[in-house]
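Biologist: Please show me the protein with its ligand. I would like to go through it by question and answer.

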Amino acid sequence: MIPSLATIADLRQWRARQAGTVGFVPTMGALHEGHASLVRRSAAKNAATLVSIFVNPTQFGPNEDLDKYPRTLEADLRLCEQAGATAVFTPDNAMMYPPGFATWVTVEGMTDKLCGKSRPGHFRGVTTVVAKLFNLAQPTRAYFGQKDAQQALVLTRMAIELDMPLEVITCPTVREADGLAMSSRNRYLAAPDRQRALALFGALQAVQAAFKAGQRDVPMLRQAGLAILTPSVDRVDYLEILNAHDLGEITTVQGKALCAVAAFVGTTRLIDNVILGG
Ligand code: AMP
């Protein structure tokens, strides 16, 4: 079994022993093929690959699913090993956030949109924990999924603007055979809800089809997606089309646009996205 590093001291010792490049894949566990794809990508390019498994409390709002977030450590360790990871970092809350913790990392502007609008404080938690993990792991490259498109953009920006000496790499979304984006939260879905959840990708495909047919008007493209999404889910959080580089508002798709969707199926909040054009 690959080493499971439970403390910051363990991680620092492991890091000091690495002579070559280190790839890093931060996760919250409950791992699936989407995570495995990031680990494989890192393992192919770096001498060592570190995966972190930490359900970060500071990125969850008071009424979100922190307490019931799936925890499957044994299976996660096996998946990491099979995908080519060299070590796994599994800190606990007290280690990451000792009493009196008061330092936060914030990317402004971009984090007010999309998920940031409906989950206030979420991205502050993400950027803070990932900045800490970067300082601990000191990776050469860090791998994130396009599934969480806004997160990938925010973290790329954080790394650039804080002059962090690493490369942030965004990898494609891995989907189930029927198109549902893989997510740890899919485990919450009973069969009928799992079926209804397909409307997220269905809506994105409808937007893509309209785009391919020549539609460039953002309100019209949104309408094509919402016509599929709204009847199937319990609540649409957002379906938006924004500039794919900076999440700026657009009314017509000209360059690369991000079409991103978030919706509740039962009590489960799901997200997905596709890129249009570019
Ligand atoms: P999470 O454990 O959900 O915080 O995700 C950890 C990393 O895996 C993030 O960079 C996610 O974007 C990425 N990820 C999650 N699901 C997928 C997926 N279906 N395809 C590709 N990457 C994913």
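Modeller: What follows is a short set of questions on the ligand and two residues. This is a predicted model, where local features need pLDDT of at least 70, side-chain atom pairs count only at pLDDT 80 or more, and totals for chains, interfaces and linings use all residues. Residues are numbered from 1 along each chain as its sequence is written, and side-chain values use heavy atoms, with hydrogens and water left out.

Biologist: How many residues surround the ligand?

Modeller: A residue is near the ligand if one of its heavy atoms lies within 4 Å of it. The closest include M28, V174 and M182. The total is 17 residues.

Biologist: Which element gives the largest share of that shell?

Modeller: Helices (H or I, at least four residues) and strands (E, at least two) are DSSP runs, numbered from the N terminus. β2 (22-27), α2 (33-45) and β5 (141-145) each supply at least two residues of the shell. The largest share is 3 residues, and it comes from α2.

Biologist: Which side chain has a polar atom 2.6 Å from an oxygen atom of the ligand?

Modeller: A polar contact is a pair of N or O atoms within 3.5 Å; within protein, one must be able to donate a hydrogen and the other to accept it, and residues adjacent in sequence count only if both atoms are side-chain atoms. H35 has a polar side-chain atom 2.9 Å from a ligand oxygen. G145 has a backbone N or O atom at 3.0 Å from a ligand oxygen. The side chain at 2.6 Å belongs to D148.

Biologist: How much of the ligand's area does the protein bury?

Modeller: Accessible areas come from the Shrake-Rupley method with a 1.4 Å probe; for residues, only the protein chains shown count as cover. Taken alone, the ligand exposes 480 Å². The buried part of that is 93%.

Biologist: Is N56 buried or exposed?

Modeller: N56 sits in the loop between β3 (48-53) and α3 (73-83). Buried means under 20% relative accessible area, exposed over 50%, and partly exposed in between (1.4 Å probe, protein chains only). N56 has 1% relative accessibility, so it counts as buried.

Biologist: Which side chain makes a polar contact with the side chain of N56?

Modeller: Contact means heavy atoms within 4.5 Å. Not counting residues up to four places away in sequence, N56 touches M28, Y97, G125, V126 and V129. The polar contact, at 3.1 Å, is with the side chain of T58.

Biologist: Why does V236 count as partly exposed?

Modeller: V236 is in strand β7 (residues 235-243). Leaving aside neighbours within four places in sequence, V236 is in contact with L226, L229, T230, A262 and A263. V236 counts as partly exposed because its relative accessibility is 26%.
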